[in-house]
Amino acid sequence: MKCPKCNGICFLMIAFPHNREKPYIPCIQCDGRGEVPEEMTQWMADGEILKDKRIAKRITLRNAARTFDGDFLETAMKLSSMERGVIKPDMAIYDNL
Ligand SMILES: [Zn+2]
């Protein structure tokens, strides 16, 4: 299905670009493909819920990532992708925060 974030255009405009000639980035939702899997609508809805769970616990994404074993940056990217619904969210991931 067409990417709901960029509407299939594949790019997102950025408000304050470093390079004025290129005020856009590849869409973070579809990775510049313009198409996303059908399930992504559900992932995005679940990701919002997951993000709300973390915010309700007053924990930043960085601090949440620090509580998991393994590479910090990798974990932070994974959590961020889940919250945006780019990958399927694990709804129990913040339960032990
Ligand atoms: Zn997109």
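**Close-up views of a predicted two-domain chain**

**Figure 1. R58 sits in the loop between α1 and α2 (61–66).** This is a predicted model, and R58 makes a good place to start looking around. Its phi is positive, about 55 degrees, even though R58 is not a glycine. Is R58 buried or exposed? Exposed, because only 12 or fewer neighbours are allowed for that label and R58 has 8 C-beta neighbours inside 10 Å.

**Figure 2. C10 is another non-glycine residue with a positive phi, here about 80 degrees.** Look for C10 in the segment just before β1 (11–13). C10 has 16 other C-beta atoms within 10 Å, so it comes out as partly exposed.

**Figure 3. The whole chain, for orientation, runs β-β-α-α-α along the sequence.** That gives 3 helices and 2 strands. The C-alpha trace spans about 45 × 30 × 25 Å along its principal axes. Of the 97 residues in the chain, 18% are buried. If you take the contacts with a separation of 6 or more, 53% of them join residues 24 or more positions apart.

**Figure 4. Q29 lies in the loop between β2 (24–26) and α1 (40–56).** Why does Q29 count as buried? Because it has 20 C-beta neighbours inside 10 Å, and 20 or more is what the label takes. Skip the neighbours within four places in sequence, and Q29 is in contact with C3, K5, C6, V36, R84 and V86. T41 is 12 residues away from Q29 in sequence, and their C-alpha atoms are 11 Å apart in space.

**Figure 5. Helices α1 and α3 (residues 72–84) cross at roughly 120 degrees, their axes coming within 6 Å.** That angle makes α1 oblique to α3. Which residues make the contact? On the α1 side they are G47, L50 and K51, and on the α3 side M82, E83 and R84. Sorted by class, the residues of this contact are 2 nonpolar, 1 polar and 3 charged. R84 turns up in two of these views: it belongs to the α1–α3 contact and also touches Q29.

**Figure 6. The chain splits into domain 1 (1–36) and domain 2 (37–97).** How far apart are the C-alpha centres of domain 1 and domain 2? They lie 22 Å apart. Domain 1 puts 5 residues into the contact and domain 2 puts in 6 residues. On the side of domain 1 that touches domain 2, there are 4 nonpolar residues, 1 polar residue and no charged ones. Q29 and C10 from the earlier views have numbers that fall in domain 1 (1–36), while R58 falls in domain 2 (37–97).

**Figure 7. The largest nonpolar core has 6 residues in all.** Its members are C6, C27, C30, V36, M40 and W43. Two of these names, C6 and V36, are also among the contacts of Q29. Going by the domain bounds of 1–36 and 37–97, the core draws on both domains, with C6 and V36 in domain 1 and M40 and W43 in domain 2. A second, separate core has 5 residues, including A65, L79, M82 and Y94. M82 links this view back to the helix pair, as one of the α3 residues in contact with α1.

How values were computed
Residues numbered from 1 in each chain as written. Predicted model: local features only at pLDDT ≥ 70, side-chain atom pairs only at ≥ 80, totals over all residues. Helix = DSSP H or I, 4+ residues; strand = E, 2+ residues; numbered from the N terminus. Contact = placed C-beta atoms within 7 Å. Axes fitted to C-alpha atoms, helices over the stretch in contact; angles between N-to-C directions. Parallel < 35°, antiparallel > 145°, perpendicular 65-115°, else oblique. Nonpolar A, V, L, I, M, F, W, Y, C, P; charged D, E, K, R; others polar. Domains from an automatic or database assignment. Core = buried A, V, L, I, M, F, W, Y, C linked by C-beta atoms within 7 Å.
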